[in-house]
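Got your viewer open and a selection box ready? Let's walk through this one stop by stop, picking a few residues at a time.

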Amino acid sequence: MGTVLNRALTAAGHEVVVLTRRPVGPDEVHWDGRSPGPWTGAIDGSDVVINLAGRSVSCRYTPANLRVMMDSRVLSTRVVGEAIGAAARPPRVWLQMSTATVYAHRFDAPNDEAAGVIGGTEPAVPGYWSYSVDIAKAWEREQERAAAPHTRKVALRSAMVMSPDRGGVFDVLSWLARLGLGGPVAGGAQYVSWIHDHDFVRAVEFLVDRDDLAGPVNLAAPEPLPQRAFMRALRTAWRVPVGLPATRWMAEVGALALRSDTELLLKSRRVVPGRLLEAGFAFTYPRWPEAARDLARRRRGGRRGTSGPVRASTG
Ligand SMILES: NC(=O)c1ccc[n+]([C@@H]2O[C@H](COP(=O)([O-])OP(=O)(O)OC[C@H]3O[C@@H](n4cnc5c(N)ncnc54)[C@H](OP(=O)(O)O)[C@@H]3O)[C@@H](O)[C@H]2O)c1
């Protein structure tokens, strides 16, 4: 997502400084994601801070991985908050990544920010699923408690961002679909929430500009859909006629082979953008079939472009 945002913001003429553990280019500054250092100079005087740091969640949920998933998010958020709090010229706004996974596994109704049910106590789901919710809650709590009185704080409860970039979630799902494996998983009734990369960038711009919006905001297209229908539309976009169904057990084996976890496939994420819509944000891609068609076209053509004017960002 940093790549997607950096590309769009740089193209729009903004000066983007990237904090990374392995700086390469001239616009990249070293940090370790947990302790203060010279990097705080990049925050002081910036207009906007966007913190995306966090160990990938696409991994086996071993105790060691879960610990790094938690620490990389909580500690980076803490140290960003401290840097903003200590800045002589603090940024106007701090967009902090969070996740739509904070909401409960449910089928009956969509989760918006006002009436949505926070997860962690659902019956009949594997106990360890609550850990992802705990991470999300701890992540948001860290931003809330940061002493940054001159900076507007927004938590981005983002659904899966679909972009044509290699290695992203759209790439992986497209690969499965093209192998003929893009069928329903465990019945396919579980909802998939998603957002097109173009709308993700536009939503970030919108939240930067709208001084009246603070706190948690869902970044998800308004029409999440069951996984069965989601994969059907993806297959149509790739013109693949069939997708073999997979049982829960087959999903376990597949997740093991891909060094990932079945929670990512089986949790029903039914999340809608209540606050964005209320604030007047219009999605360019509100529906998945059109979004999938656009993404597949760009993937085939090797084009990755998104657009959008924002300010400087960090993360
Ligand atoms: N992609 C999605 O659809 C999606 C949806 C909702 C939420 N999110 C969240 O949004 C953030 C960005 O997502 P992404 O897909 O762009 O993830 P990503 O490609 O895995 O990038 C996350 C970045 O975090 C940094 N990082 C990783 N492990 C770290 C650690 N132990 N300590 C400090 N920094 C570490 C890395 O930057 P360096 O290697 O440059 O230091 C890495 O590039 C993540 O926190 C993710 O959970 C993503």
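Before the helix pairs, one convention: an axis here is a line fitted to C-alpha atoms, for a helix over the stretch in contact, and angles run from 0 to 180 degrees between N-to-C directions. Keep in mind, too, that you're looking at a predicted model.

**Stop 1: H5 against H7**

Select residues 169-178, which is helix H5, and then add H7; their axes come within 10 Å and cross at roughly 75°. Anything from 65 to 115 degrees counts as roughly perpendicular, and H5 and H7 are therefore roughly perpendicular to each other. Now show side chains: on the H5 side, pick Leu173, Ser174, Ala177 and Arg178, and on the H7 side, Met231, Leu234, Arg235 and Trp238. Colour that contact by residue class and you get five nonpolar residues, one polar and two charged.

**Stop 2: H7 against H11**

Keep H7 (residues 227-238) on screen and bring in H11 (residues 288-301). The two helices pack at an angle of about 40°, and their axes are 9 Å apart. H7 and H11 are therefore oblique to each other. Look at the handedness while you're here: this crossing is right-handed. From H7, the contact takes in Phe230, Ala233, Leu234, Thr236, Ala237 and Trp238. Facing them from H11 are Trp288, Pro289, Ala292, Arg293 and Ala296. By class, this contact has nine nonpolar residues, one polar and one charged. Leu234 and Trp238 should look familiar, since they also sit in the contact with H5.

**Stop 3: H1 against H6**

Which helix does H1 cross at roughly 65°? Select residues 2-11 for H1 and 197-209 for its partner, H6; the axes come within 10 Å. H1 and H6 are therefore roughly perpendicular to each other, and their crossing is right-handed. In H1, highlight Val4, Leu5 and Ala8; in H6, highlight Asp197, Phe200, Val201 and Val204. The split for this contact is six nonpolar, no polar and one charged.

**Stop 4: the ligand**

Next, centre the view on the ligand. How many residues surround the ligand? There are 21, and the closest are Thr20, Arg21, Gly33, Gly54 and Ser72, so label those five. Helix H3 (63-86) and strand S6 (160-162) each supply at least two residues of the shell around the ligand. H3 gives the most, with three residues. Sort the shell by class and it divides into nine nonpolar, nine polar and three charged residues.

**Stop 5: the annotated spans**

Finish with two selections taken from UniProt, both from an unreviewed entry. The record's "domain: NAD-dependent epimerase/dehydratase" covers residues 2-211. Over that span the chain is 37% helix and 14% strand, with the end C-alpha atoms 23 Å apart. The record also places "domain: DUF1731" at residues 262-295. Select that stretch and you have 50% helix and 0% strand, with the end C-alpha atoms 24 Å apart.

How values were computed: Residues numbered from 1 in each chain as written. Predicted model: local features only at pLDDT ≥ 70, side-chain atom pairs only at ≥ 80, totals over all residues. Near = placed C-beta within 6 Å. Helix = DSSP H or I, 4+ residues; strand = E, 2+ residues; numbered from the N terminus. Nonpolar A, V, L, I, M, F, W, Y, C, P; charged D, E, K, R; others polar. Parallel < 35°, antiparallel > 145°, perpendicular 65-115°, else oblique. Left-handed = near helix turned anticlockwise from the far one by under 90°. Contact = placed C-beta atoms within 7 Å. UniProt positions renumbered as here; feature names shortened; annotations may be inferred.
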